[in-house]
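Student: I would like a close look at one part of this protein, the core and the sheet beside it, and at how the rest of the chain relates to that part. Could you take me through it slowly, as you would for someone who works at the bench?

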Amino acid sequence: MPYYSRAEFLARSAAIAAALGLGAAPACGSIAPPVGSPPLASRGGGRTAPDLVLLGGRVYTVDDARPRAEAFAVKNGRFIAVGSTDDVRNLVASGTEVIDAGGTTVMPGFIDAHCHVAGVAELVNVNVNLPSIADIQRAMRDRAAETPPGYWVIGSMYDDTKLAEGRPVTRRDLDEAVPDHPAMIGHRGGHT
């Protein structure tokens, strides 16, 4: 069985597991092939062997009826079996690539070419999605009053297009509101 580095394993399993999100897998625990697919491999039989088998994982299947599995087999880019490690191991033939997941979680690929994760910032930062610079200054000043000296006062969700003054917040605006703390505000777009 070949050894894969963490990066190689993640790259390979992400590509394979992405198909799970497409509904191509049978129910967990089932090793029957999907309708219309070639028969599964067996060690002694001349039937089609899987190209790849992943064993020993915690596979999230995206199947509400059976959301978890330990292993799966893939042939020609399609899942032909999903189930227990023991069941899927029986499908391995001489040409099958085997990946031992070692108990790691395998999930469908989540593909987002441009993502801004902001949930934590919204929980801990000052919400400065306000209609004026004066309102932003007041919100930052209020947070600074309850922030220990030397700690940052950070505002998020800033939107310069909504401000009554028709201009962006400046360093001087922040210095006036929060003179004794390091301070910054982040734009709601995540880039500035």
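Tutor: What follows goes from the chain as a whole to the core, then to the sheet, and last to the charged pairs and the surface.

The model is a predicted one, and its protein chain is made up of 5 helices and 10 strands. Buried residues account for 35% of the 192 residues in the chain. Among the contacts with a separation of 6 or more, 69% are between residues 24 or more positions apart. The chain exposes about 11400 Å², and carbon and sulfur atoms supply 55% of that area.

The part you ask about is best entered through the largest nonpolar core, which has 15 residues, and within which V128, I136, M140, Y158, V169 and I185 touch the most other members. Two or more residues are given to this core by each of helix 4 (133-145), strand 9 (153-158) and helix 5 (171-177), and helix 4 provides the largest share, 5 residues. There is also a second, separate core of 11 residues, with V59, F72, V74 and V106 among its members. As background, nonpolar side chains in soluble globular proteins tend to be buried together.

M140 is a useful residue from which to look around the larger core. Leaving aside residues up to four places away in sequence, M140 touches V126, V128, V153, I154, G155, L174, V178, A183, M184 and I185. Several of these partners lead directly to the sheet, an open one of 3 strands in the order 8-9-10, with parallel pairing. Strand 8 and strand 10 (183-187) are at its edges, and because each has a single partner strand, one side of each is left without a neighbour in the sheet. Between strand 9 and strand 10 the parallel pairing runs over 4 bridges, and G155 stands opposite I185 of strand 10. G155 and I185 are thus both on the list of residues that M140 touches, while I185 is also among the core residues that touch the most other members.

Two further residues deserve attention here. M157, found in strand 9, has a phi near 75°, which is a positive value in a residue other than glycine; M157 counts as buried because its relative accessibility, 18%, falls under the 20% limit. N125 sits in the loop between helix 3 (119-124) and strand 8 (126-127), and N125 is likewise counted as buried, at 17% relative accessibility. Apart from residues up to four places away in sequence, N125 touches R143, I154, G155 and S156, and of these I154 and G155 are also touched by M140.

R143 leads on to the charged pairs, of which a search of the whole structure finds 6 salt bridges. R143 forms one of them with E146, where the closest N and O atoms are 3.7 Å apart; R143 counts as partly exposed at 27% relative accessibility, whereas E146 counts as exposed at 63%. Another joins D173 to R167, with the closest N and O atoms 2.9 Å apart. In that pair D173 is buried, at 8% relative accessibility, while R167 is partly exposed, with a relative accessible area of 34%. A further salt bridge is formed by D51 and K75, whose closest N and O atoms are 3.2 Å apart. This pair links distant parts of the chain, since D51 is in the loop between helix 1 (6-17) and strand 1 (52-55) and K75 is in strand 4 (residues 71-75), 24 residues apart. D51 is partly exposed, with a relative accessible area of 33%, but K75 is buried, at 18%.

To finish at the surface, Y60, V62 and M107 make a nonpolar patch of about 240 Å². Y60 belongs to strand 2 (residues 58-60) and is partly exposed, with a relative accessible area of 32%. V62 lies in the loop between strand 2 and strand 3 (68-69), counts as partly exposed at 42% relative accessibility, and has a positive phi of about 60° although it is not a glycine.

Technical notes
Residues numbered from 1 in each chain as written. Predicted model: local features only at pLDDT ≥ 70, side-chain atom pairs only at ≥ 80, totals over all residues. Heavy atoms only, no water. Patch = residues over 30% accessible without salt bridge, like charges linked within 9 Å, V, L, I, M, F, W, Y side chains within 5 Å. Areas by Shrake-Rupley, 256 points an atom, 1.4 Å probe, with all protein chains shown as cover. Salt bridge = Lys/Arg side-chain N within 4 Å of Asp/Glu carboxyl O. Buried < 20%, exposed > 50% of the residue type's maximum accessible area, 1.4 Å probe, protein only. Core = buried A, V, L, I, M, F, W, Y, C linked by side-chain atoms within 4.5 Å. Contact = heavy atoms within 4.5 Å. Pairing = 2+ DSSP bridges.
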